[in-house]
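Trainee: I should like to learn how to read the features of a protein model. May we look at one together?

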Amino acid sequence: MPSLTLNGVTVNFPFPPYDCQKDYMGKVIECLQKKQNGVLESPTGTGKTLCLLCATLAWREHFKDTISARKIAEKLNGEEMFPNTPMSSWGMAATDGATPTYYTDIPKIIYASRTHSQLAQVISELKNTSYSPKVCVLGSREQLCINQEVMRQESNHVKVHMCRGKVSTRSCVYYNNVEEKSTDKDLVKSILDVEDLVKFGNKQRVCPYYLSRSLKQQADVIFMPYNYLLDPKSRRAHNIELNGAVVIFDEAHNVEKTCEESTSFDLTPYDVASAISAVDRLLVEQSKEATVSEDFNVETLNSGLKLNIETIAKIKQILLDLEAVIDSYDVPSEKGITKSGIFIYELLERVHLTYNSKTAVYEALEQITGHLSGQPGIFLNTSGLQKLADIIQLVFCGEPSEKDRQQQMQTNTAHFKVHIHRDKSYHKKPQSTDVWASSSSSSKKQGNILSYWCFSPGFSMQDLVNQGVRCIILTSGTLSPLSSFTCEMRIPFSVSLENSHVIERDQIFVGIIERGPDGVHLSSAFDRRFLPENMASLGNTVANLSRVVPDGLLVFFPSFPLMEKTLDFWRTNGHADRIENVKPMFVEPKGKGTFNKVIDGYYNKVDDPTSKGGTFFAVCRGKASEGLDFADTFGRGVIITGLPFPPKMDPRVILKMQFLDEMSRKKTPGLKYLSGQEWYKQQAFRAVNQAIGRVIRHKEDYGAILLCDQRFKGSGARAQLPSWVRPYVRLYENFGNVIRDVSQFFRVAQKMRPVVEKKAAAQSCGTVCSPDTRSSAFPSGSSSQSAHTQKAKELDAHLPSLKRRRLNEHSGANGMARICIEYECEVQESQKRPANLLDALERGDHCGGEDDDAVVGEEKADRLSTLSLQCDKRMDDEMRGGKRKIKLVQEQKSRVSEDVSGEGSSSSRVRSFLAEMKKSLSQFNFDRIIQALQTYKKTDSLDVLLTEAAVLTEDANTHCLLRGLYQFVRPHHKKRFDEKCQQLTGQGCGHKPNHSLSVDEKKALMLQSASQPAVGLTSSTWTSTCSQLNTQQLNKGGPHLNQQGPRDPQTATASQPAVGLTSSTWTSTCSQLNTQQLNKGGPHLNQQGPRDPQTGSASKRDVPAAFLADVKKAIGAEKSARLFQAIQSYKKTDSYEELVTTVVSLFTERDEDFNLLIRFSMFIPPRHKKQYKEMLDALIGQSVSAAEVPAASEDHQRQGSSSPPFKTQSKISSFFSSSQRK
């Protein structure tokens, strides 16, 4: 294992450290040697935890060695033990100078992080080092207790008191074994986290909770959540000794909040009422006992309660008085009443709680709580009593003398405010007939809440320093800006570090996106966040970015309400569908219960080789933004949708800002406070920085950070970003440039740092298609459902794309999902296109026979494909048994026509059409149609299909569905089906004679056409070309079939110069023609057939005309004018970037406009053609070949050698100019 020497300390490290890691370890050792506090920021992915552990433990060993050296020197009385190695070089300076040092003086390391899950990661890192210290991890009874009787209790404090009772009477078998097992050598030498400790306890029948407390005495390193350190009550409960210890706070960006919360409280009317009810019960119980025996004191001793009835009555009177005093304030409905911190003593004095009485009251409360918690039978809520005991400990801390008491009270409350406000939760105090109750307690007036809030984390940090710690080290990936962070802590930090990252420039992209694709300013400011145009623009932005960011995409919102309202808007207006069609959506839940299942669903989707990744929507300061690992493909991009400022109208936020402003105005010498506004901004940016840190997780990782709020563009805002991010920030005013640069970034990153390709999902084609394996993967019994299916039922609200069901649950074996998956599997298994769409359905039946054996062992890893999930989502209404909405069919007409005309791949058209049919028909009728299609596929009987499809003629709204079945009909039946549609619905399917040609007939016709000398194509070229054309394309007819029929020889000859295509050009062109382009017809097909000279010339003039008409129809006159202006500007300046910026912003706002983006390539001259093609490849997510561009672009290429490259461009631009003038 490599070792290096830093500040005289030899550090063993698992691998050669990077420079930033050496810097970090050097700073850690400097803090330890000089007894100085340090604040160290090192970005996530730089090995911060490993460095911290290695440096700290190396220094501790060095400290121990120097004690040994000193003791040897004392024995030698100044003589040198080794002549060549003087004693002074043994590093005795590591100890504390001339002070006598003993082995017991070696400092303990207290390592604190936010949660036990983070501590488990730290302990895992420790196991990877060469160091083997004695360790101990502290936890609560909630996590460590294994006594089932105690764990059955609902309330945590009841568990505490019951546990104490069992321990005191030695009635817990697990506790009784602690003393024996705590010296177990295997246990002492092992490095165990909480989970390991519980396993050990269960195996050895020993209490893990008290075992950890026993191990703490001998431990070198003690791990604990940092609220155990910062909360004085927890520190006392766990008996944590801090004198001389090294205290490390990892993930310290949350320390400030924890410090304030651990020393604050809110006493609600419900707390006081529950305490009164608990004391009432005890009084009734004691009264009954008193009547039984003349000797009351003996009875009380026998009951285990060492309190007389008068003391219990006094406690109740204190509670009644406290309730009356708090409710005596007439509180304004909104603002509440705020007092200085010292007012808490005045208020408590009115209920007879002072420094003189606090001990007696506290002990009485503890005894009452313990007694009631230990009683069997009905559960009694003693949380109110426990809270009052905690309040006494917090407020009356310290034991000042009479003369110093006032000073102590001033010191205790300097950083606090008392706030009395109305209780809006409307907890009702249980009504009871109570002879002890005063009239004030029966008042029906709404109660008030007494809040005592700390506004300075320095209060807790100074308390730690006062305990005599050696030094405090705060470290995290996001502490920036350090100056303001240390200022809040109120203790000196002599050592600081803002570390650089281990990544290179090509691994990170940071862009500030000021406007969306539609030019609307993006902002989450209070006055704009819920504006429809702002939410729509943000939706378009995320939808477009999801196309160019590969794999996993994280989207962070400022708050849960904003995220929920925005997502609702997107679902209503179609933005969510656009995102989900590319990357299925996963939403962070508010509660902790389902979070793990949601995040697992996201990980599985990103890992699925059949998907393009997933989108995870979360909130800043939420669980997903804190310490969760989104390495590599799980987090290729993070989008920040706004600045997460704290809620400005929250009373606590208002008072915090007022407190800071008051402290700033005092200008205490040597102390500097943030202003309220500075703190407010800092909170937002620290949350942003934490979310940003989810992307780059290690040295080889890469990703994009996209800040979608115009407020990020200010220099002040950019200065708040982490130091490792700031150098790479780019400001974008035009959205088109963002798409171009992001796609270019990932294209380069993927080439330079290729990741291991995703393994094929366990659910292969065989798994889905084979009846046997399907039934085993999705059994009918609910008890044996797959784990994924069971989880999905709990996650519908948070995983819009995971509303799954078992495939055969509703629609049987012939359900739509099965057809879709069969079709998808066939495409994956063979790259060849099926001869027609019915073949795709048919081939699914034969799929899986060979792979059954291989699939059996993979069933546990079975996963539903993206396709079935999306289909199931569309069927959600039907699954719930709701009525079909006929109005959806109106929208469906255009969708069906688009799908039938060839938008996207064949599989996409099939599933879109079937999804629409599923929405529009009842389950019974839908199944009939599907069964009829499969029967037709097997028997070739059109009559059966027509008979069952007659149901589609009953409603005019479903006529388009009948015509949509035309795509499934075989060529020799197409004419008859068209006539039947004409007869039944009054409208045909657009049948043309060539639709009825078989494959062989088409080939023969092509060969005949190819023999015409005018075109100059060989028969082999024709054959190879046309064999790759999809049958559906040929069936549709239209302009692309001009090439395929015999023409008049004179016409062919005349048009030969205009065509001028070599056989190789024709082959490559036709083989890559996109289905969508072929079906749309239009100018790109001019090259593909012999024409009459005049017709050909007119066609060339029609190229821009047709495009112009489509553009105006799609984006409107105003945006069309912007496009014409950009073309004119491009003609004059030749600025390709400006042109593309405008074009992309206009044509990416809606999915249906992407065809225009492809067709626009006709205006791009050859010198920029390659750049434009690369941009299209990245934007569309698939390779756009040269042949996919319209004919005009090929014209440019053909003219390139014989005429200036801009000649045709000039003609086109002139045409646009004249059209615009018209």
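Trainee: Which residues in H25 meet which residues in H26?

Mentor: Please bear in mind that this is a predicted model. To read a contact between two helices, one lists the residues from each side. Here Phe569, Trp570, Arg571 and Asn573 belong to H25, and they meet His575, Ala576 and Ile579 of H26. Sorted by class, this contact of H25 with H26 has 4 nonpolar, 2 polar and 1 charged residues.

Trainee: At what angle do helix H25 and helix H26 pack?

Mentor: The angle between H25 (residues 560–573) and H26 (residues 575–582) is about 90°, and their axes are 4 Å apart. Angles of 65 to 115 degrees count as roughly perpendicular. H25 and H26 are therefore roughly perpendicular to each other.

Trainee: How may a second pair be read, and at what angle do helix H42 and helix H43 pack?

Mentor: The steps are repeated. Helix H42 (residues 923–939) packs with helix H43 (residues 942–949) at an angle of about 175°, with the axes 8 Å apart. Angles over 145 degrees count as roughly antiparallel. H42 and H43 are therefore roughly antiparallel to each other. On the side of H42, the contact involves Arg928, Ile929, Ala932, Leu933, Thr935 and Tyr936, which meet Leu942, Val944, Leu945, Thr947, Glu948 and Ala949 in H43. By class, this contact has 8 nonpolar, 2 polar and 2 charged residues.

Trainee: Which residues in H43 are buried?

Mentor: Once the buried residues of a helix are known, one asks how they are placed around the axis. In H43, the residues Leu942, Leu945, Leu946 and Ala949 are buried. They cover an arc of only 95° around the axis, so they lie on the same side of H43. The buried residues of H43 pack against H42, helix H44 (959–964) and helix H45 (971–985).

Trainee: Let us turn to sheets. What is the order of strands in the open sheet that contains S12?

Mentor: A sheet is read strand by strand across its width. This open sheet of 7 strands has the order S5-S6-S4-S7-S12-S3-S13, and its pairing is parallel. Strand S5 (135–137) and strand S13 (495–498) stand at the edges with a single partner strand each, so one side of each has no neighbour in the sheet. On average, neighbouring strands are turned by 15° against each other, direction ignored. Helix H3 (residues 116–127) packs on the sheet, where it touches strand S4 (109–113), S5 and strand S6 (221–225). The direction of H3 makes about 155° with that of S6.

Trainee: How many bridges does S12 form with strand S3?

Mentor: Bridges show how two strands are aligned. Strand S3 (residues 38–41) pairs with S12 in the parallel sense over 4 bridges. Gly38 stands opposite Ile473 in S12, and Glu41 has Ser476 in S12 as its bridge partner. Strand S7 (residues 246–249) also runs parallel to S12 and is joined to it by 4 bridges; there, Phe249 has Leu474 of S12 as its bridge partner.

Trainee: Are the faces of S12 buried or exposed?

Mentor: One examines the two sides of a strand separately. On one side of S12, Cys471, Ile473 and Thr475 are buried, and on the other Ile472, Leu474 and Ser476 are buried, so both faces are covered. Because 6 of the 6 residues of S12 (residues 471–476) are buried, this strand is largely enclosed by the rest of the structure.

Trainee: Which helix lies across S7 and S12?

Mentor: That is helix H22 (residues 458–466), which runs at about 140° to S12. Within H22, Gly458, Phe459, Ser460, Met461 and Leu464 are buried. After H22 comes Gly468, which has a positive phi, near 90°.

Trainee: What is the strand order of the open sheet that contains S15?

Mentor: This open sheet of 7 strands has the order S16-S17-S15-S18-S19-S14-S20, with parallel pairing. Its edge strands are strand S16 (585–587) and strand S20 (729–732), each of which pairs on one side only. From one strand to the next, the twist averages 20°. Strand S15 (residues 552–557) pairs with strand S17 (residues 614–619) in the parallel sense over 6 bridges, and Val555 stands opposite Phe617 in S17. Helix H29 (residues 676–692) packs on this sheet and touches S15, strand S18 (637–640) and strand S19 (703–707). The direction of H29 makes about 160° with that of S18.

Key: Residues numbered from 1 in each chain as written. Predicted model: local features only at pLDDT ≥ 70, side-chain atom pairs only at ≥ 80, totals over all residues. Heavy atoms only, no water. Axes fitted to C-alpha atoms, helices over the stretch in contact; angles between N-to-C directions. Parallel < 35°, antiparallel > 145°, perpendicular 65-115°, else oblique. Contact = heavy atoms within 4.5 Å. Nonpolar A, V, L, I, M, F, W, Y, C, P; charged D, E, K, R; others polar. Buried < 20%, exposed > 50% of the residue type's maximum accessible area, 1.4 Å probe, protein only. Pairing = 2+ DSSP bridges. Arc of directions from axis to C-beta.
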